[in-house]
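Work through the exercises below with the sequence and the model in view. Each task is followed by its solution in steps.

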Amino acid sequence: MTAASFPFQRPLTVRDALDLDALRAGSPEVLAGEAGLDTPVRWVHIAEEAEASSLLEGGELVLTTGLAFRHSADLTRIFLERYQAAGAAAVAVELVDDDGAPDARAAAHLRTAAGAVACPLILLTRRVRFVQVTEEAHRALMDHQVRRLERARHVHEVFTALSVGNAGESRIVEATAALLDSPVVFEDPAHLVLSYSARDRDPARLLDGWADRSRFVGYRNQTAFGTGGDRWLQTPVGLTGQRWGRLVAPEFVPESAPEEPGGSDGDGDGSGRDLADAFQVLERAGQALTMARMAGRDRREVLFQARSGLIQDLRQATPPDEQEALARATALGLSRGAAYVPLVARLESGGTSRGTDAGKDAGAAAGSTSAAEAPDATEVQLRERAFLDALQAWAHSSRQSVLASSLHAGSVAILLPLAALELEDSALHRLAAAPQLAGFRWTLGAGRAERSLVAAARGLDDADQVAETAATLGSRHLPFYRFADIRLRGLLALLGEDSRVKAFAQSELGPLLEPGRAPALQLLRDYLAHGGNMTSLAKARNVSRQALYAHVKSLQDLLGLPLEDPESRASLTVALLWHDLTGA
């Protein structure tokens, strides 16, 4: 096989060198170091003196005729030890006499000294043209370098074109998988898969239990193999100090992987794949994803601010006129409609899906949150942004335009255009059931549909009140709520700051508002929730009826009111609702 026809897809190794025509002519015999035959060869070096080992830089295939040491086993051993210590990839010794016949005595010395070295030691028993070996090996090495340069140029052109073309994350991931010919997954810091390409593999097998598997693969701050678990090849995505996720090639794991980029010269994994090339591709892909995210984030940020500014202007005491409002809204992607519905989505912390049954009584759901339990402001903002992104994704997929922005912490304002007033309920049902929003716990409050965009924007305050009040309901079974759906609770929410309502509630609850009376207040809440049914209440509180009668008698004495009286129970229910809604 000639050097020109040898298909080097990886660096030249000692094994490859032995397959070169010039070396095969010497009838090579490996005397030692077979385990190192796959060691890469960086260069070819011809040497006769042991002292010349100081000229090596490591990775050289050393060719020698052994004229200076072949007649002594000790000198042979010293020569081999010196060159092994200098980092030679292999030593090939031509031992022939002046007539070109094998030098048996010298070969015996070489065999004796072979036990002293671990690097590949090759005996050549026929005359070899060292110049020809050097030419063939260096031609192969240069061919490999040219291939790598061409590959690097191709990789550069691919990712440059993707960046210039504002390619999205999925296209970048697809291109990366194609360049690596291996599955690639882009995940966020919580190990959720943002995009992936399985190539010709089974996507279900690739993504099965991904988050659990990925959690055990340590993050690296540069392109490298992960630590622990499955040592996946990965690269970080994000700016310095801001980890947005990582790009992973989970099946690109060779038998012996370098810890750092540059820790190997790309010795491959037995499948012809070049590790140095894989590092390069993955690193460029990570940079492209970072740039795409930055560009996308900047575009979204501008849109967020523009939409937020318009909604704020529409809610001012002197808003823009209808013509200007429609012009600005249309420029931001809102289609004109026969009417517009003001909506507010109230987001809840915790959970991964929208709950239809809170599983809590109204008081517990509406109780004030302690400082220790208050959600982090950054977390709330990130949740709002994620909701807005998901909302826009739904609008795009369903061809339903919306104008939305953050209203205040935990609430998102939405103006939804309708082709006709009769389509209001169906449009709200589609929004409430949007699969893109299924990962959020949220309550949707609706104001009155208006034919004017400005008038609809004024209804956002009502929608906000409805959403905030509906979020306190113990059991939420409706996909969206209007004022008619929250009834007495809604009225009290509107009158929450009225001093007369406050005075009434405090008068009704009286001593139960004093410090240390929380158990009595909870007993009243439970008593009213069970409609005064002592059997049901005793079962719910897991106490005997006799003991419960005693507790309720004490509560009645404390209040100074007959709890069996319907009017008393109605008044106490109103007072307790006000207390829970206001967090008094």
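**Exercise 1.** Locate Asn166 and say whether Asn166 is buried or exposed.

Solution. Step 1: Asn166 sits in the loop that links H5 and H6; helices (H or I, at least four residues) and strands (E, at least two) are DSSP runs, numbered from the N terminus. Step 2: with a relative accessible area of 54%, Asn166 is exposed; buried means under 20% relative accessible area, exposed over 50%, and partly exposed in between (1.4 Å probe, protein chains only). Step 3: its phi is near 50 degrees, a positive value in a residue other than glycine.

This is a predicted model, in which local features need pLDDT of at least 70 and side-chain atom pairs count only at pLDDT 80 or more, while totals for chains, interfaces and linings use all residues. Residues are numbered from 1 along each chain as its sequence is written, and side-chain values use heavy atoms, with hydrogens and water left out.

**Exercise 2.** Do the same for Asn542.

Solution. Step 1: the loop between helix H19 (534–541) and H20 holds Asn542. Step 2: Asn542 is exposed, at 71% relative accessible area. Step 3: Asn542 is not a glycine, yet its phi is positive, about 60 degrees.

**Exercise 3.** Describe the sheet that contains E7 and E8, and find its edges.

Solution. Step 1: the order is E7-E6-E10-E9-E8 in an open sheet of 5 strands with antiparallel pairing; two strands pair if DSSP finds at least two bridges between them. Step 2: E7 (193–197) and E8 (224–225) each have a single partner strand, so one side of each lacks a neighbour in the sheet. Step 3: strand E6 (residues 184–187) runs antiparallel to strand E10 (residues 245–249), and 3 bridges join them. In E10, Arg246 is the bridge partner of Glu187. Step 4: helix H6 (residues 169–180) lies across E6, E7 and E10, at about 40 degrees to E7. Axes are lines fitted to C-alpha atoms, for helices over the stretch in contact, and angles run from 0 to 180 degrees between N-to-C directions.

**Exercise 4.** Describe the sheet with mixed pairing and the helices that lie on it.

Solution. Step 1: this open sheet of 5 strands has the order E1-E5-E4-E3-E2. Its edge strands, E1 (29–32) and E2 (43–46), each pair on one side only. Step 2: strand E3 (residues 60–64) and strand E4 (residues 90–94) pair in the parallel sense over 4 bridges, and Thr64 stands opposite Val93 in E4. Step 3: helix H3 (residues 73–85) lies across E3, E4 and strand E5 (121–124), at about 150 degrees to E4. Helix H5 (residues 130–164) packs on the sheet and touches E2, E3 and E4; contact means heavy atoms within 4.5 Å.

**Exercise 5.** Classify the angle between H18 and H20 and list the residues of their contact.

Solution. Step 1: helix H18 (residues 518–529) and helix H20 (residues 545–559) pack at about 110 degrees, with axes 11 Å apart. Step 2: H18 is therefore roughly perpendicular to H20 (under 35 degrees is roughly parallel, over 145 roughly antiparallel, 65 to 115 roughly perpendicular and the rest oblique). Step 3: H18 contributes Ala520, Leu523, Leu524 and Tyr527, and H20 contributes Leu548, His551, Val552, Leu555, Leu558 and Leu559.
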